[in-house]
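Please look at the sequence and the model shown here before reading the report.

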Amino acid sequence: MNQLTYGNINDKVVNSMEPPGKPWMVSMVLILGALSMGVFAWAIQIRHGLEWSGINHPVAWGVYITNFVFWIGIGHAGTLISAVLYLVRAPFRNSIYRASEAMTVFAVMTAGLFPLIHLGRTWYAYWLLPYPNQRELWVNFKSPLLWDVFAISTYVSVSMAFFVLGLIPDLATIRDESKGLKRMLYSIPALCFRGTNHQWLHYMRGYLIFAAIATPLVFSVHSIVSWDFAMSSLPGWHSTIFAPYFVAGAIFSGCAMVLTIMIPLRRAFPGFKEIIKIKDLEGMAKLIIFTSLIVTYAYAVEFFIAYYSGAKYERALFWFRPFGEMQGFFWLMITCNCIIPLTLFVKKIRTNIPALFVISLFVNVGMWLERYVIVGTSLAHGFSPFAWGSYQFEWAEIWITIGSFGWFFMWFFIFVKVMPSIAIAEMKETLTPPLRNKK
Amino acid sequence: MRLRKKFSGAWATFEYLDDTCAAIKELKNEGFDLITTHTPCPRHEIDHALGDPQSRVPFGTLVGAFIGFSLAVLIITKMALYWIIPVSGKPILSVPNIVPIAFELSVLVSIYFTIGAMLLMVMIDTWKHPVPQSRKYKNYDRFMRDRFGIAVACGGQDLEKIENILKKHQAEEVNLES
């Protein structure tokens, strides 16, 4: 195995940006196929209304809000890795953070579509924004849904700015490694960066501040998403545990998604094997174990509080979840989120790449189901037994969900070919610099 | 008005970081302060050799945070009082309602101010420390790969002295411009 040097890090990353081959093209066709079906289903739904989804009374939130929370959760790991792990100087961060940040941006872009899709009449989405108008219809600042509008839009802005800021030195590197038109194109976003002491000084200070600002944002955004539920007076939702429970769940699912995309990336570009080391993936696996235990604890506390509070509606709901009509989803969720991640305690499993990949897929499925169970069961089983209902998703929701994966992976596949998917400058920082006097 | 000052001085490239730092220290000791260095990644050794300069970018962040916070409080207060929406006996305006949005807007505005401050500071420093204008310097493409560089602005009478210092510290190549 070659020793990593400043020069060969550049070469490996530049090689990953060569024109795409057949596997990339085939994958892209499948991705665009999925996306097209999603767009088609959405178009049908816009034409005919939400009757084409399974949303009904009383289950007014369904797969779309599940997907919204799921994708926001996925988006959390990127900022956690790029900001929180930067502040604590976690050694496994450097090789994986760029792709994780890209994942964050694309996941939040995907999540942002779902409130619009769920709205039905998408063209009224601008009513969410507080702007002076003559309709006398005003946004309600007491509503957590409006807080969410601010939280998500801030998160999108900060994630994108953080992502772009981190890219500047690496785009300058790609510019210097390129010729002709490619060089000219990369010189624009590189913003004349040439690695001078003045540029690094202000860049590094700004980057540190970004990390410090983004850290509380990671926790605040998913807390606010959780309040969309927790501030409703509904059994299974109205709980003070929701904010930490959702944040842990978001980090849990995000870390799993990082493994889901980093492992194929590492395989697709052989040069990355020396950069994305097994111990980096193992670090993510440890984070998954940690957050899985928090999530498991939160599940247990929910049931205990339902029993201990003596609130009969709460008890009824928490009986309905494991033994009601959605019990299959519930037990699959428990298996994926609480039992399967425990296998990562075994070092042989958490350092085995195929096993890590499979476990990460299970966690992704489990975390999607968690949101589905939270949304579906509580709305179906509220305070009034005569108003209880049920929910069954329809084909439009299935295709829009699949289409959302197409949308996410389309951006990611484009990203790996046009931008450096490994943070070049930060990887160089981890190496011993070239020294004449090596003592 | 010229955005770049005319450059007179020398620039050199180095293979090793310790040679670069030693050259910077000697140049500083000799009284040459208009130094610009190039490194493929941020290195604290260079900062130490340059005398640990500090960045004022955080002031921009602070100003942005205050503006964002004030904007949030203003928007919510004004709108809540102008368009009163009674919701199940809750107060029309209360602190808990303001906190999430005030936090989010403080963060949002502060990051834009941080970016603005970074760009401004880099532009000011680059203007204060002129760099060579030659095509050879502009087209040198190994600074972001694996080479370290030093550009020193000085009067024509000091060129020889600087050249000697750079060569003494094993510079790969030294270029003089006046």
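The report below covers confidence, the contact between two chains, and one pair of helices.

This is a predicted model, in which local features need pLDDT of at least 70 and side-chain atom pairs count only at pLDDT 80 or more, while totals for chains, interfaces and linings use all residues. Residues are numbered from 1 along each chain as its sequence is written, and chains are lettered from A and ligands numbered from 1 in the order in which they are written.

The model has an ipTM of 0.94 and a pTM of 0.93. For chain B, the average pLDDT (the predictor's confidence in each residue, from 0 to 100) is 92, and 97% of the residues score at least 70.

Chain B uses 52 residues to contact 46 residues of chain A; a contact needs C-beta atoms, placed from the backbone, within 7 Å. At least two residues each come from these elements of chain B (helices, H or I, have at least four residues and strands, E, at least two, as DSSP runs numbered from the N terminus):

| Element of chain B | Residues |
|---|---|
| α1 | 17–29 |
| β2 | 35–38 |
| α2 | 44–50 |
| α3 | 57–82 |
| α4 | 95–128 |

The most, 17 residues, come from α4(B).

Within chain A, α3 (residues 63–87) packs against α14 (residues 353–380) at about 140°, with axes 9 Å apart; axes are lines fitted to C-alpha atoms over the stretch in contact, and angles run from 0 to 180 degrees between N-to-C directions. Because of this angle, α3(A) is oblique to α14(A), that is, not under 35 degrees (roughly parallel), over 145 (roughly antiparallel) or 65 to 115 (roughly perpendicular). Residues of α3(A) in the contact include A:Ile65 and A:Phe70, and those of α14(A) include A:Trp368 and A:Arg371.
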